[in-house]
Amino acid sequence: MSNTNHARHMMQLGNYKFSVSTAAFNKLKYDTQYRWKSLDAPTNKNSPLMQFIGVGEQTLDLEGTIFPQIVENGLKQLDYMRKEAAKGQPLTLGYVEESGKTNPSVGRVLGKWVISSISETRTLFFNDGIPREIQFSMRLSRYQAALKEPE
């Protein structure tokens, strides 16, 4: 059995770390749009010509469940996420990936992202109203700095 170092968190967005001890996501969906322009031009088959004009919007959706009784500051985890979103600025997104025996964990930076939305659903309440389970989802959009005007 190999001895592998495991990162203490799954992913980090700004200062917020997704982990089993905070908020672990169980679903990650990455979506990339590709932009094509249809050009009206006669061809042998009378179909339009297509021209690739670049990568479009990129989004990342995270879904997970927090069990407040077993997670440190469990009831506040969504507040911490919202605090990062309220900064109103692009946040660095990174995670750790396995890289082999000589260097088992290597960080990978995915660039700057903004938090587009955060959603939560609280269920399975105790008598005092504290939930046993908090389901959350978060949508991130890749940040692209404004293009510089030609001088």
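What follows is a working chat about a predicted model of one protein chain.

Biologist: Before we look at details, what is the mean pLDDT of the chain, and which element has the lowest value?

Modeller: This is a predicted model, and the mean pLDDT of the protein chain is 84, with 83% of its residues reaching 70 or more. Among the elements, strand β5 (residues 91-98) has the lowest mean pLDDT, at 80, while β7 has the highest, at 95.

Biologist: And where is the pLDDT below 50?

Modeller: Residues 1-5 have a pLDDT below 50, and this stretch has four contacts in the model beyond near neighbours in sequence.

Biologist: OK, salt bridges next. How many does a search of the whole structure find?

Modeller: The search finds four salt bridges. One of them joins the side chains of arginine 139 and aspartate 61, at 2.6 Å from N to O, and this pair links distant parts of the chain, since arginine 139 sits in strand β7 (residues 131-142) and aspartate 61 in strand β4, 78 residues apart.

Biologist: Is aspartate 61 buried or exposed there, and what about its partner, arginine 139?

Modeller: Aspartate 61 counts as buried because its relative accessibility is 17%, which is under the 20% limit for that class. Arginine 139 has a relative accessible area of 34%, so arginine 139 is partly exposed.

Biologist: What does arginine 82 pair with?

Modeller: Arginine 82 forms a salt bridge with glutamate 120, and the closest N and O atoms are 2.7 Å apart. Here too the pair links distant parts of the chain, with arginine 82 in helix α1 (residues 77-85) and glutamate 120 in strand β6 (residues 105-125), 38 residues apart. Both residues count as partly exposed, arginine 82 at 32% relative accessibility and glutamate 120 at 26%.

Biologist: Which residues are linked with that pair in a network?

Modeller: The network of salt bridges links Arg82, Glu120 and Arg122.

Biologist: And what does lysine 87 meet in a salt bridge?

Modeller: The side chain of lysine 87 meets that of glutamate 84, with 2.9 Å between N and O. Lysine 87 is partly exposed at 35% relative accessibility, whereas glutamate 84 counts as buried because its relative accessibility is 7%.

Biologist: Let's go inside. Where is phenylalanine 18, and what does it touch?

Modeller: Phenylalanine 18 is placed in strand β2 (residues 16-18), and with a relative accessible area of 0% phenylalanine 18 is buried. Leaving aside residues up to four places away in sequence, phenylalanine 18 touches His9, Met10, Met11, Leu13, Ala23, Phe25, Leu62, Met81, Phe136 and Met138.

Biologist: How far is phenylalanine 18 from arginine 8 in space?

Modeller: Their C-alpha atoms are 9.2 Å apart, and the two residues are ten residues apart in sequence.

Biologist: You listed Phe136 as a contact of phenylalanine 18. Is phenylalanine 136 itself buried or exposed?

Modeller: Phenylalanine 136 lies in strand β7 and counts as buried, because its relative accessibility is 4%. Its C-alpha atom is separated by 4.3 Å from that of glutamate 120, although the two residues are 16 residues apart along the chain. That is the glutamate that forms a salt bridge with arginine 82.

Biologist: Back to the outside. Which residues make the nonpolar surface patch?

Modeller: Tyr34, Trp36, Met50, Phe52 and Val55 make a nonpolar surface patch of about 560 Å². The elements that give two or more residues to this patch are β3 (24-39) and β4 (49-66), and β4 gives the most, with three residues.

Biologist: Why does tyrosine 34 count as exposed?

Modeller: Tyrosine 34, which lies in strand β3, is exposed because its relative accessible area is 52%, and exposed means over 50%.

Biologist: Last topic, the backbone. Which sign does phi have at asparagine 73?

Modeller: Phi of asparagine 73 is positive, near 50 degrees, in a residue other than glycine. Most residues other than glycine have a negative phi. Asparagine 73 lies in the loop between β4 and α1 and is partly exposed, with a relative accessible area of 38%.

Biologist: And what is phi at leucine 124?

Modeller: Leucine 124 has a positive phi of about 55 degrees, although leucine 124 is not a glycine. The place of leucine 124 is in strand β6, whereas asparagine 73 lies in a loop.

Definitions and conventions
Residues numbered from 1 in each chain as written. Heavy atoms only, no water. Patch = residues over 30% accessible without salt bridge, like charges linked within 9 Å, V, L, I, M, F, W, Y side chains within 5 Å. Areas by Shrake-Rupley, 256 points an atom, 1.4 Å probe, with all protein chains shown as cover. Helix = DSSP H or I, 4+ residues; strand = E, 2+ residues; numbered from the N terminus. Buried < 20%, exposed > 50% of the residue type's maximum accessible area, 1.4 Å probe, protein only. Contact = heavy atoms within 4.5 Å. pLDDT = per-residue confidence, 0-100.
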